[in-house]
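The exercises below ask you to read a protein structure step by step, and each one is followed by a worked solution. Keep the sequence and the structure in view while you work.

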Amino acid sequence: MTKKWLAALAALVLAALSPLTALADKTDQYNYTYGPNGIVASVPGFDLARTLDSGDLPEGTVLWSVDDLVVGGGRLYVADALGAQIHVFDSETFTHVVTIQSGSEEAGGCPLAGPKGVCFSETLGELYIADPAAQKVFVLDGETYALKRSLGRPENMTGDTQFAPYRIAVDTIGRLYIVVQNSHEGIVELNPDGGFSRYLGLNKPKINLIEYFWRSLATDEQKKQMAKAYAPSFGGVDLDGDGFVFAVTGDTSSEEKVFRFNAKGDNVIRAEGYDKLVGDVPQYFENSETSSVFTDVATTDFGAYAVLDRQNGRVFVYDFDGYLITIFSGLGYMKGDLAEASSLAWNGYDLLVGDRERGLVMVYMATDFGRSALMAVESYNKGEWDRATELYQTALSHNANFYAGYSGIGRNYLMERDFSQAVYYYKLAKDDEGYSQAFQGYRETVIQRYFGWFVAAFLLLAAVFIYTEIRYARRKGGVG
């Protein structure tokens, strides 16, 4: 055996002995995900298909930065704060349509100063631009891009927050949810007419007995300061198909990083996955102590959503229960890497990711595995459980370490009350909570199925016991 073969064999043995180290060395690629016991090998859920940059614009037009992305009405809108402009592309062919600049005819004289957020409402047919430099939200016609109105700080707005709108989302009736730069008072909610409604996402105060005692001794000014409630420093904001407000934070002091707010302002996000919704888990990697810092979120109409990690340049895609579907990209300047991850948007089953520093829009297309997994989530959301099971099986045929797929199949069988199959797949997923629910249902089914036999057996044993006791008593009486 040659030295070359011996070296190759030694490398294989070392890789087999330390698979975690091998994976940790490759986390800038698309080959890992999280399972019940930590990091596991995976196949890509998305592949880089192409990029958009200044070369895709007319001569003389430059894509200086990519600060936000949104897809709507068959168009891709790219907010370019450094260039004080919005670039519009066809969302299918990615051909350039128009560039909206300050004072341009398309913008109707809209004084763009540095747009950092963009949102398109298909229901209202309007384009919303958040411009912190101008301290305005500009509302444009969704077809002509003519300026319809501009919204500044509402007169009835309370608190200390400066109105510097950074990111924006709009619901079907025109309520605006605005992330304001450097604010710890929450997401600003405006009424359709532009009036202030409330702050969303404030931390609920928790008062213990010691705090209650100090409040009783505090002055009025101190009580005023104590009463002040703060919120995390939010990054991106989006609305899901059910109208819930999604938001993420890069605030490392916050225990929660992904939020789904209901109408009351409560966080109702589901986090049933193995490592919750924290992105990368530093202790799984060698030479890494940096946790994820989320800067943007993009939702679908069927429950799946993606969050962008600015710190590590990665995208994490989760289903509605918080199970991780896939991870892709990384921090750097190589092909597929992100130098400054800024924003992301869904385009069908594909994802568009913005790199602010390099002025790039990266188009990541779902692989066979990624598309099957997303379609499975979509089918489940529609109540098509048999179809969802088939699609999860397809996804697992591409990626056997897709633990969310096993849980998904178990969940589908649980909904169909096929508890024995649910127990089997939850066991494969090592999903303790799901397994407990399925096993409880399985046990109740077995008891119901054989209840008659249990009763008959009990009565028979009781009858035999009574008969033997009577015979024993009679014999004893006869002997006496």
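**Exercise 1. Decide whether Glu126 is buried or exposed, and then find the side chain with which Glu126 forms a salt bridge.**

Solution. The model used here is a predicted one, and the first step is to look at accessibility. Glu126 has a relative accessibility of 6%, and because buried means under 20%, this residue counts as buried. The second step is to look for a partner of opposite charge, since side chains of opposite charge can pair when their charged atoms come close. The side chain of Glu126 meets that of Lys148 in a salt bridge, with a distance of 2.8 Å from N to O. The third step is to place the two residues along the chain: Glu126 belongs to strand β9 and Lys148 to strand β11, and the pair, 22 residues apart, links distant parts of the chain. Lys148, for its part, is partly exposed, with a relative accessibility of 44%.

**Exercise 2. Work out the order of the strands in the sheet that contains β9 and β11, and say which strands stand at its edges.**

Solution. Begin with the order, which is β8-β9-β10-β11, so that these 4 strands make up an open sheet with antiparallel pairing. Next, consider the edges: β8 (117-121) and β11 (147-151) each have a single partner strand, and therefore one side of each is left without a neighbour in the sheet. From one strand to the next, the twist averages 20°. Finally, examine one pairing in detail, that of β10, which covers residues 136-141, with β11: the two run antiparallel and are joined by 4 bridges. Within this pairing, Phe138 has Ser150 in β11 as its bridge partner.

**Exercise 3. Asp131 is buried yet has no salt bridge; find which backbone nitrogens its side chain reaches.**

Solution. First locate the residue, which lies in strand β9, the strand of residues 126-131. Asp131 counts as buried because its relative accessibility is 0%. The next step is to search for a side chain of opposite charge, and the nearest is that of Lys116, at 9.2 Å. A salt bridge requires a distance within 4 Å, so this pair does not qualify. Measured in a different way, from C-alpha to C-alpha, Asp131 and Lys116 are 5.8 Å apart in space, although 15 residues separate them in sequence. Turning to the backbone, the side chain of Asp131 reaches the nitrogen of Ala113 at 2.7 Å and the nitrogen of Ala134 at 3.1 Å. To complete the picture, list the contacts beyond four places in sequence, which include Pro111, Leu112, Gly114, Pro115 and Phe138.**Exercise 4. Trace the salt bridges of Arg270, and explain why its pair with Asp321 ties together parts that are 51 residues apart in sequence.**

Solution. Start with Glu272, whose side chain meets that of Arg270 in a salt bridge at 4.0 Å from N to O. A second salt bridge joins the side chains of Arg270 and Asp321, this time at 2.3 Å from N to O. Arg270 lies in the loop between β18 and β19, whereas Asp321 lies in the loop between β21 (314-318) and β22 (324-328), and so the pair connects parts of the chain that are 51 residues apart in sequence. The accessibilities can now be added: Arg270 is partly exposed at 41%, Glu272 is partly exposed at 27%, and Asp321 is buried at 6%. As a last step, extend the view to the network of salt bridges, in which Arg270, Glu272, Asp321 and Arg411 are linked.

**Exercise 5. Find where Ala271 lies, and name the residues that it contacts beyond four places in sequence.**

Solution. Ala271 is found in the loop between β18 (258-261) and β19 (294-299), and with a relative accessible area of 25% it is partly exposed. Once neighbours within four places in sequence are set aside, Ala271 is in contact with Lys276, Leu277, Asp321 and Gly322. For Asp321, the separation in sequence is 50 residues, while the distance in space from C-alpha to C-alpha is 5.9 Å.

**Exercise 6. State how many helices, strands and salt bridges the whole structure has.**

Solution. The chain has 10 helices and 25 strands, and a search of the whole structure gives 19 salt bridges. Of its 480 residues, 49% count as buried.

Notes. Residues numbered from 1 in each chain as written. Predicted model: local features only at pLDDT ≥ 70, side-chain atom pairs only at ≥ 80, totals over all residues. Heavy atoms only, no water. Buried < 20%, exposed > 50% of the residue type's maximum accessible area, 1.4 Å probe, protein only. Contact = heavy atoms within 4.5 Å. Axes fitted to C-alpha atoms, helices over the stretch in contact; angles between N-to-C directions. Lys, Arg positive; Asp, Glu negative; His and termini not counted. Polar contact = N/O pair within 3.5 Å; in protein donor to acceptor, adjacent residues only side chain to side chain.
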